[in-house]
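Reader: Hello! I am new to this structure and would love a close look at one part of it, with its surroundings explained step by step. Could you take me through the strands at its centre of interest and then outward from there?

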Amino acid sequence: MTTTTDLQHLAEQAGRDLEDASALEILTWAAETFGARFCVTSSMEDAVVAHLASRAFPGVDVVFLDTGYHFPETIGTRDAVAEVMDVNVITLTPRQSVAEQDAEHGPKLHDRNPDLCCALRKVKPLEEGLTGYDAWATGLRRDESPTRANTPVVGWDAKRQKVKVSPIARWTQADVDAYVAEHGVLTNPLLMDGYPSVGCAPCTRRVLEGEDARAGRWAGSNKTECGLH
């Protein structure tokens, strides 16, 4: 058995060694290192990392959090990815349905306490869903926000005691767009309808001209992250 200390050292060394590697090389390393104990997480904003991972590891597990608050377009993107890509889509759900959460905490918890809502409907289900894995991949990019500017391509997720792989951390939006165009990768239709960043429907609005790409997430509050990263 590999200890968490071993995994942490492995992650930190890989972060240094793979800083200049391509996204596909980073994912190939993860697949070869962890095998079935590696998965990709996807919000189904687009399927770029899932597509990349399927090239490095055909049949890779792609974990999706169904919060119960997603736009229909997001669920449709998930279903399309499962249908056409060489991946195994796994849908995680919170312990409570939206109705059960409303009964316990009151309706529209996302408006009154978005941090608690995210914790119940995103953070906790992901923690439970990642139990069987040593490493997970995300689509984080350094150019998305100041809080993500120092994202390593491979790092140590101290909160979950797992290796965290961010193969497109060094990419720009132009890189993402070019990859989507070259490979015909599935994307959420909302990206073409004024939503450059797609989250849960109650907490996501269209972005106005000149606004930051993530300005539509939790608009009107100081919240910038859901707590997953």
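Author: Let's start with V40, whose bridge partner in β4 is A137. This is a predicted model, so please read everything below as a description of that prediction. Within β4 and β1, the pairing is parallel and runs over 3 bridges. V40 has a second partner as well: in β2 it is bridged to V62. The next residue along, T41, is bridged to V63 of β2. Altogether 3 bridges join β1 to β2, and these two strands also run parallel.

Now look at which way the side chains of β1 point. In a regular strand, side chains alternate between the two faces of the sheet. In β1, F38 and V40 point one way, while C39 and T41 point the other way. Every one of these four is buried.

The neighbouring strand β2 gives a similar picture. Its residues 60–65 are 6 in number and 6 of the 6 are buried, so β2 is largely enclosed by the rest of the structure. Here V60, V62 and F64 sit on one side, with D61, V63 and L65 on the other, and both faces are covered.

From F64 we can step across to a helix. T74 touches F64, and its other contacts beyond four places in sequence are S43, M44, N188, L190 and V198. You will find T74 in helix α4, which spans residues 72–84. With a relative accessible area of 1%, T74 counts as buried, because the cut-off for that word is under 20%. One of its contacts has a polar side to it: the side chains of T74 and N188 are joined by a polar contact of 3.0 Å.

Next, go back to the start of β1 and look just before it. R37 lies in the loop between α2 (23–34) and β1 (38–41). R37 makes a salt bridge with D134, and the closest N and O atoms are 2.9 Å apart. D134 belongs to the loop between α7 (114–129) and β4 (135–137), so this pair links distant parts of the chain, 97 residues apart. Unlike a buried residue, R37 has 38% relative accessibility and therefore counts as partly exposed.

Beyond β4 comes another stretch with charged side chains. E144 lies in the loop between β4 and β5 (154–157). The side chains of E144 and R148 meet in a salt bridge, with 2.7 Å from N to O, and this is also a polar contact between the two side chains. Both R148 and E144 are buried; for E144 the relative accessibility is 17%. The pair is part of a network of salt bridges that links R141, D143, E144 and R148. Leaving out residues up to four places away in sequence, E144 touches G139, D212 and R214.

A further salt bridge is found between D157 and R160, where the closest N and O atoms are 3.0 Å apart. D157 is buried at 7% relative accessibility, and R160 is buried too, with a relative accessible area of 9%. Over the structure, the count of salt bridges comes to 9.

Aromatic rings deserve a quick look as well. The whole structure holds 3 aromatic pairs. In one of them, W171 and Y179, the ring centres are 5.7 Å apart and the planes are at 50 degrees, so the pair is tilted. W171 and Y179 are both buried.

Finally, here is a label from a record to help you place these parts. The UniProt annotation, from an unreviewed entry, reads "domain: Phosphoadenosine phosphosulphate reductase" and covers residues 43–205. Over that range the chain is 37% helix and 14% strand, and the C-alpha atoms at its two ends are 16 Å apart.

Terms used: Residues are numbered from 1 along each chain as its sequence is written. This is a predicted model: local features need pLDDT of at least 70, side-chain atom pairs count only at pLDDT 80 or more; totals for chains, interfaces and linings use all residues. Side-chain values use heavy atoms; hydrogens and water are left out. UniProt positions are given in the numbering used here, feature names are shortened, and annotations may be inferred rather than shown by experiment. A salt bridge is a side-chain nitrogen of Lys or Arg within 4 Å of a carboxyl oxygen of Asp or Glu. Buried means under 20% relative accessible area, exposed over 50%, partly exposed in between (1.4 Å probe, protein chains only). A polar contact is a pair of N or O atoms within 3.5 Å; within protein, one must be able to donate a hydrogen and the other to accept it, and residues adjacent in sequence count only if both atoms are side-chain atoms. Contact means heavy atoms within 4.5 Å. Rings of Phe, Tyr and Trp (its six-membered ring) pair if their centres lie within 6.5 Å; planes under 30 degrees apart count as stacked, over 60 as edge-to-face and the rest as tilted. Two strands pair if DSSP finds at least two bridges between them.
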